Amino acid sequence: MLLQEQVTEGVRVLVPFGKRKLITGVVKKLHDQSPAHYEPKEIIDVLDHSPSLTAKQLHFFEWMSQYYLCNEGEVLQAALPSGLKLNSESFLELHPVFEDFEQLSAQELVLVTVLKDKTISFEEAAKVLKRSSAHPVVKSLLEKKAIILYEQVKEKYKHKTEKRIRLVGSVVAEQALQAWFEKLEKTPKQLDLLLAYLRLIPVLNQPELNATGIDKKTLLGEQLSESSLKTLIKQGLMEEYHSVTSRLQFDFSQAEAPDLSAVQQQSLDKIIALQETKPTVLLQGVTGSGKTEIYIHLIKKELEKGKQALLLVPEIALTTQLMNRLAKFFGQEMGIYHSKFSDNERVEIWNNVLNGKTRFIVGVRSSIFLPFSDLGLLIIDEEHESSYKQQDPAPRYNARDSALYVASMFNAFTLLGSATPSLESYYNAQGEKYGWVELTERYGEATLPEVQVIDMKREKKFKTEQLGFSSVLIKQIQDTLKADKQVIIFQNRRGYAPVLECQDCAHVSQCPHCSVSLTVHSYKHELRCHYCGHSESIPPGCKVCGSTHLSTQGTGTEKIEEDLKQLFPETNVIRMDQDTTRSKNGFQRIITSFQNKEAGIMVGTQMVTKGLDFEDVELVGIYHADRMWNFPDFRSVERSFQTLVQVSGRAGRKSQQGKVFIQTYDVKHPLFKWTNQNDYNGFAQEELNDRHLLHYPPFTRLIKLAVKGQDKSLTLKAAKILASELRKRLQGATVLGPEAPAVDKIRNYYIQDILIKLERNNRNVLSNKQLVALSAKDITSSKEFRNIYIVLDVDPLL
């Protein structure tokens, strides 16, 4: 087939990029109009027999690029799993006419000697030279015309195969098997292996089973000899072959949907009734009310219609626990999609959704990019979570808002679920743009936890606190552990301590690339920047005065874990934060360990607040509540309320009422009035009044521009000119700034922020957005500001 005939919309193609590199592109549209301003590159190859992307996906990518002010290529980069993005890899080859080996250095000679026998990749060259980069040596050899550098396309996705064993076809008959039994009488190990195969694969009763045979590992797992197997293969009794297999398997049979309580059933009936008139419904259910069970019934109903369903969750940790709960109801129809999966696993899920094999997906924000063909239901669990917002790189999209657009393309029903909805969703429900269903009772016999605020000023005054824990919380932890129940301690700061300070000269260890102090990580004995990743060993003394009197200031989860082990030496304490969950199975390991009661106390960051369900947790302690709302951010109070309610909701999820103790230095903070009573509606109304008064979302739309540059004064100058231009160009908009953020230097780039407020009912929103993008481009295109770059963030979380 001609290359031209293979090109259709949605197929991946290989195209040249630069002089030597090849990259993956996607065909968006077929037309016969030549570009006016550039010479198009020719397509080198078509990578797909059928499209890897659907027309709806391409339309969605275009919408996202326009709404979030980015390029479609940036959307495609975020959407496609790495395994579908082919690229070219550099290879080295000895130049056929090169003979002047005497002029080569020792290292160059080492590399050339290897190249005499074979071609190697650039990456392999570094290993040959035993250095981190082969670039200097390769560059020198290229200048001497000793080698040739060329590009070779590298396919990232590979099918998973397994070795399987089966009987040679002619042996399956009973008479032939009997002859082999007689032949193997004097070789008992080989006879045992044949008997084991027949026991596991009963070919006499079901001869068709021999076609697929058995996994080699399973067969040899019967304590049998591999050498005996090799002998039987050599003799012609058995054969070994490779079979393509899935990386994504669940060992659960499908069960019926769980029974619902009367209150849950009423809520489900209301949701189904609202589907007729409202494409989006907000399910506001208190923590532990059993929203997941309602989700299961809705998903089952949609799958029975032959439709597809997507359940979005904010954290990988939540997919880990949900996977175990949902797999027994949906089995092989369900797929999991998140970044801890390998490239190959994500490609398999992508292809399974594309061909209709997987009809139900549980995944994080990137799941909205999957190639659905008949999506009927989209559920966004914990819809208030900030994790749904992509920060860097572009596209800086909000998966919750983008999912609503995806649902509209399919005329699918969307359910937003949360105990503490975002004020935007709550406002839309109150204004009847969304349907609204409330679940005000916990499932079963469970009741909402008792909340108590602890005055840490008083504890300090009377010297009753120990290692940052109040006497009240210590006593409660002791009582809970004695009752064979579990405890969660929440502190939204990872690491050991945020500051390492010299007690003599007050010098604080700072990141050389960012305007923040380095965080102490005791476990690795290092100081680390949580913005750029810079790390260094903890110094033996002060870098300024040489004093060895160094002390840590502040407390992170690592130190709390250490302190709890000191206070409760007989109790196993585990920690769940970004540092302990980096590996693929990190979440699963920690969650399973805590579920199995291998630990009595779990210390965690915001990860422990997001929908996790541990039936033996009866006490939740919030170590330091004050630092949650002391931020220059109009959403800080909303986030603090949501966090307090969500982490409190981990306590007492079964019959016994749980307890929540909040340590604070400001017991009169107005937030406690609402958290103590679990009164979301009262809090929301008061906060919405403040937002309306100050013209913040949901009453306005925001666009944030971060102007960045390595020259501080030049960055400020560019930001001032940009702000001035925006004030002239934009209609019905308020432009605030420029203003340096709290952390005004990251990765050696100084930052100036500009905030634009657009009235929500402003008809010029689209044209204003285009003017914002054009103004930013005008700045960065000028010769003076060519080293400045500007980040555009639509609907920022700030």
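**Close-up 1. Contacts of Glu-526 in the predicted model**. Leaving aside neighbours within four places in sequence, Glu-526 is in contact with Thr-519, Val-520 and His-521. Its other contacts are Ser-535, Glu-536, Ser-537 and Ile-538. Glu-526 belongs to strand β21, residues 526-528. Its relative accessibility is 15%. Buried means under 20%, so Glu-526 counts as buried.

**Close-up 2. Packing of helices α11 and α12**. Helix α11 spans residues 262-274, and helix α12 spans residues 291-304. The two pack at an angle of about 45°. Their axes lie 10 Å apart. α11 and α12 are therefore oblique to each other. The crossing of α11 past α12 is right-handed. On the α11 side, the contact is made by Gln-264, Ser-267, Leu-268, Ile-271 and Ile-272. α12 contributes Glu-293, Ile-294, His-297, Leu-298 and Lys-301.

**Close-up 3. Leu-705 in the largest nonpolar core**. This core has 66 residues. Ile-368 and Leu-705 have the most contacts inside it. Apart from this core lies another, of 40 residues. Among its members are Ala-599, Val-617, Val-647 and Phe-699. Residues up to four places away in sequence are not counted in the contacts of Leu-705 listed here. Leu-705 touches Leu-722 and Leu-726. It also touches Gln-752, Asp-753, Ile-754 and Ile-756. Val-772, Ile-790, Val-791 and Leu-792 complete the list.

**Close-up 4. Helix α14 and the glycine that follows**. α14 runs over residues 343-354, twelve residues in total. From first C-alpha to last, α14 reaches 17 Å, close to the 16 Å expected at 1.5 Å a residue. The helix is mostly covered, with nine of its twelve residues buried. The buried set includes the run Asn-344, Glu-345, Arg-346, Val-347, Glu-348, Ile-349 and Trp-350. Asn-352 and Val-353 are buried too. Gly-356 follows α14 and has a positive phi, near 85°.

**Close-up 5. Helix α2 and Leu-69**. α2 covers residues 55-67 and has 13 residues. The distance from its first C-alpha to its last is 19 Å, close to the 18 Å expected at 1.5 Å a residue. Its buried residues include the aromatic side chains of Phe-60, Phe-61, Trp-63 and Tyr-67. Gln-57, Leu-58, Met-64 and Ser-65 are also buried. Just after α2, Leu-69 takes a positive phi of about 55°.

Definitions and conventions
Residues numbered from 1 in each chain as written. Predicted model: local features only at pLDDT ≥ 70, side-chain atom pairs only at ≥ 80, totals over all residues. Heavy atoms only, no water. Helix = DSSP H or I, 4+ residues; strand = E, 2+ residues; numbered from the N terminus. Expected span 1.5 Å × (residues − 1). Buried < 20%, exposed > 50% of the residue type's maximum accessible area, 1.4 Å probe, protein only. Core = buried A, V, L, I, M, F, W, Y, C linked by side-chain atoms within 4.5 Å. Contact = heavy atoms within 4.5 Å. Axes fitted to C-alpha atoms, helices over the stretch in contact; angles between N-to-C directions. Parallel < 35°, antiparallel > 145°, perpendicular 65-115°, else oblique. Left-handed = near helix turned anticlockwise from the far one by under 90°.
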